[in-house]
Amino acid sequence: MRLAAEAVLLGAGVLVQLLCCAGVWRMRTPLDRLHYLAPASFLGPMLIAGSVVVAGSALQLALKAVAIALVLALSGPLMTRVLARAVRVREFGTANPLPEEIMQEGQDK
């Protein structure tokens, strides 16, 4: 039973990573690509770390896997925000909203 759970978790983690790679490859704009990085930095590593823990590996190996997954889970959203901001600065020259974006928000309300 434990071997099956390990295989399912590992397979799911690898599948998530492959699907995210395919999504990044297929999207046209950098901001669209960033959406596919979120599961790759959170869900995939958590599933793979879970498979290491379920496998009953040495405690040190399991702790390292969980620590790596947590670092990726905590740094993923931060890196996504930083990259999105860099894309905006590259495209518009500023990270601040443009005047027409501010006016459009006011009309939407």
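Tyr 36 touches Cys 20, Gly 23, Val 24 and Met 27, leaving out residues up to four places away in sequence. Tyr 36 itself sits in helix H2. The model is predicted. In that model Tyr 36 counts as partly exposed, because its relative accessibility is 32%, a value that falls between the 20% limit for buried and the 50% limit for exposed. Two of the residues in contact with Tyr 36, Cys 20 and Gly 23, are among the buried residues of H1. Glu 6 is a different case. Its C-alpha atom is separated from that of Tyr 36 by 25 Å, with the two positions 30 residues apart along the chain.

Confidence was examined over the chain and its elements. The chain has an average pLDDT of 88. A score of at least 70 is reached by 95% of the residues. Among the elements, helix H1 (residues 2-26) has the highest mean pLDDT, at 94. The lowest mean belongs to helix H5 (residues 99-108), at 70.

Helix H1 contains 25 residues. From first C-alpha to last, H1 reaches 36 Å, close to the 36 Å expected at 1.5 Å a residue. Its buried residues are Gly 13, Val 16, Cys 20 and Gly 23. H2 and H3 are included in what covers them. Leu 15 also lies in H1. Leu 15 is partly exposed, because its relative accessibility is 47%. The C-alpha atoms of Leu 15 and Gly 44 are 8.0 Å apart, although 29 residues separate the two along the chain. At Arg 26, a charge lies over a ring: Arg 26 is placed over the face of Trp 25, at 6.0 Å from the ring centre. Aromatic pairs are absent, with 0 found in a search of the whole structure.

Two serines were examined in the helices that follow. Ser 41 lies in H2, which covers residues 30-41. Its relative accessibility is 16%, so Ser 41 counts as buried. Beyond its neighbours within four places in sequence, Ser 41 is in contact with Leu 72, Ala 73 and Gly 76. Of these contacts, Ala 73 and Gly 76 are listed among the buried residues of H4. Ser 51 lies in H3, which covers residues 43-54. Ser 51 is also buried, because its relative accessibility is 4%. With residues up to four places away in sequence not counted, Ser 51 touches Glu 6, Leu 9 and Leu 10.

The loop between H3 and H4 holds Gly 56. Gly 56 counts as partly exposed, because its relative accessibility is 46%. Gly 56 and Arg 2 are 54 residues apart in sequence. In space, their C-alpha atoms are 8.9 Å apart.

Helix H4 covers residues 59-92 and has 34 residues. At 1.5 Å a residue, H4 should span 50 Å, and its end C-alpha atoms are 49 Å apart, so the two values agree. H4 nevertheless bends by about 35 degrees at Ser 75. A proline, Pro 77, follows within four residues of the bend. Buried positions in H4 are Ala 62, Ala 65, Ala 69, Ala 73, Gly 76 and Val 87. These buried residues pack against H2 and H3. Met 79, also in H4, is partly exposed, because its relative accessible area is 44%. The C-alpha atoms of Met 79 and Phe 42 are separated by 12 Å, with the two residues 37 apart along the chain. Just after H4, Gly 93 takes a positive phi of about 80 degrees.

Definitions and conventions
Residues numbered from 1 in each chain as written. Predicted model: local features only at pLDDT ≥ 70, side-chain atom pairs only at ≥ 80, totals over all residues. Heavy atoms only, no water. Buried < 20%, exposed > 50% of the residue type's maximum accessible area, 1.4 Å probe, protein only. Contact = heavy atoms within 4.5 Å. Phe/Tyr/Trp six-rings, centres within 6.5 Å; stacked < 30°, edge-to-face > 60°. Lys NZ or Arg CZ within 6 Å of the ring centre and 35° of its normal. pLDDT = per-residue confidence, 0-100. Expected span 1.5 Å × (residues − 1). Bend = angle between axes of the 7 residues up to and from the residue.
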